[in-house]
Amino acid sequence: MTSGYGLLGAGAQAAEAQEWRGKPADFFFVDDAWADPTAGRYGSSSVPDELTVLPVAAAVGPPAVRRRLVGLWSGSTFSTIVSAHAVVSGEAQVGDGSLIGPLAVLSVGVAVGRHCLINIGATLSHDTQVDDFATVSPGAHVAGRCRIGAGAVVGVGASLLPGVSIGAGAIIGAGAVLTRDADPGGVYVGVPARKIDDRIEWATSI
C-alpha cells in the first residue's frame, strides 16, 4: 500500500485521472454523503488513518469543490499527475496536486500552481502563470505571459491573447476570446469576450 495513491473525488474526472496516471487509485475521498468504504470511497468520518499517509490528487472539475476537498483531507502529501502524452517543458513548473491531461502543452517558463487542472489538449505558452486551483479546460489556448488567477476557469476552446490577466475566480466561457484583463469573479463570453455577470462561489466557499 505504501506505493499507492488516492484521489479526492470519485466521478468522471477521477476516472480520467486514473488513466492519465496509468494506474488505478487505491481509494477515493468524497463528501460523507457519498462515502461507501466497501467500494473504496471514504469520507471525513470514515477514512482510515493508514490511508492519510498516501499521496492524493484532487480530481474534480469545479475549483471550489476541489479546494473544499483539499481542505477536508487530513493528509498532507499530494501527488502530481502528468499524462505520458502531455508535453511539459523542462523549464516549466507544476505544483503539488495538479493534473495535466493528455495532449496538453506547457511551454518554457510556464508555472502551474497547486491543485490545478490543465485538461486535455490545453496549451499554455511561454511565461504564463496559473495560480492555485485554477482550471484550463480541454482545447483552451493561452498565449504567452498570461496570468490565470486562483480558482479561475478558462472554458473549453477559449483563447487568451498575449499578456492578459484573469482575476481570481473568473470564468472565461467556452469558445470565448479574451483580449483584455478579466475582473476577479467576472464571467466573460463571446468574441471578443465581454463581461456578462459576476460570481461569488469562489470567494465564499471554503
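Start by selecting helix α1 and turning it so that the side away from its buried residues faces you: here sit the exposed residues Ala12 and Glu19. Keep in mind as you go that this is a predicted model.

Now rotate to the other side of α1. Select Gln13, Ala14, Ala17, Gln18 and Trp20, which are the buried residues of this helix. Looking down the axis of α1, you will find them within an arc of 160°, so they line one face of the helix. What do these buried residues pack against? Show β1 (6-8), β2, β5, β8 (99-100) and β11 (117-118), and you have the strands in question.

Stay in the helix and zoom in on Gln13, which belongs to α1 (residues 12-21). Is Gln13 buried or exposed? Its relative accessibility is 13%, and since buried means under 20%, Gln13 counts as buried. Add the side chain of Glu16 to the view: a polar contact of 3.2 Å joins it to the side chain of Gln13. Leaving aside residues up to four places away in sequence, the residues that Gln13 touches are Trp20, Ala59, Val60, Gly61, Leu117 and Asn119.

Before leaving the helix, look at what follows it. Gly22 comes just after α1 and takes a positive phi of about 80°. Then select Arg21 together with Tyr5: the charged end of Arg21 sits over the Tyr5 ring, 4.1 Å from the ring's centre.

Next stop, the aromatic rings. How many aromatic pairs are there? The count comes to three. Select Phe27 and Tyr42 for an edge-to-face example, with 6.5 Å from centre to centre and 65° between the planes. Phe27 belongs to strand β2 (residues 27-29) and Tyr42 to strand β3 (residues 41-42), so this pair ties together parts that lie 15 residues apart in sequence. Both Phe27 and Tyr42 are buried.

Keep Phe27 selected and add Trp73. These two rings are stacked, at 5.7 Å centre to centre and with 25° between their planes. Trp73 is in the loop between α2 (63-72) and β5 (81-82), while Phe27 is in strand β2, so here the parts tied together are 46 residues apart in sequence. Like Phe27, Trp73 is buried. Add Phe29 to the view to complete the picture: Phe27, Phe29, Tyr42 and Trp73 make up one aromatic cluster.

Now zoom out and switch to a cartoon view for the sheet. Follow its eight strands in the order β5-β8-β11-β14-β17-β20-β22-β23; the sheet is open and its pairing is mixed. Which strands stand at the edges? They are β5 and β23 (194-198), each with a single partner strand, so one side of each is left without a neighbour in the sheet.

For a parallel pairing, pick strand β14 (residues 135-136) and strand β17 (residues 153-154), which pair over two bridges. Show Val136 here and look across to β17, where Val154 stands opposite.

For an antiparallel pairing, move to β22 (residues 186-189) and β23, which are joined over four bridges. Val189 is a good residue to select, as Arg194 in β23 stands opposite. Finish at the turn: β22 and β23 form a hairpin with four residues between them, and among the turn residues Gly190 has a positive phi of about 95°.

Technical notes: Residues are numbered from 1 along each chain as its sequence is written. This is a predicted model: local features need pLDDT of at least 70, side-chain atom pairs count only at pLDDT 80 or more; totals for chains, interfaces and linings use all residues. Side-chain values use heavy atoms; hydrogens and water are left out. Buried means under 20% relative accessible area, exposed over 50%, partly exposed in between (1.4 Å probe, protein chains only). A polar contact is a pair of N or O atoms within 3.5 Å; within protein, one must be able to donate a hydrogen and the other to accept it, and residues adjacent in sequence count only if both atoms are side-chain atoms. Contact means heavy atoms within 4.5 Å. Rings of Phe, Tyr and Trp (its six-membered ring) pair if their centres lie within 6.5 Å; planes under 30 degrees apart count as stacked, over 60 as edge-to-face and the rest as tilted. A charge sits over a ring if NZ of Lys or CZ of Arg is within 6 Å of the ring centre and within 35 degrees of the ring normal. Two strands pair if DSSP finds at least two bridges between them. The arc is that of the directions from the helix axis to the C-beta atoms.
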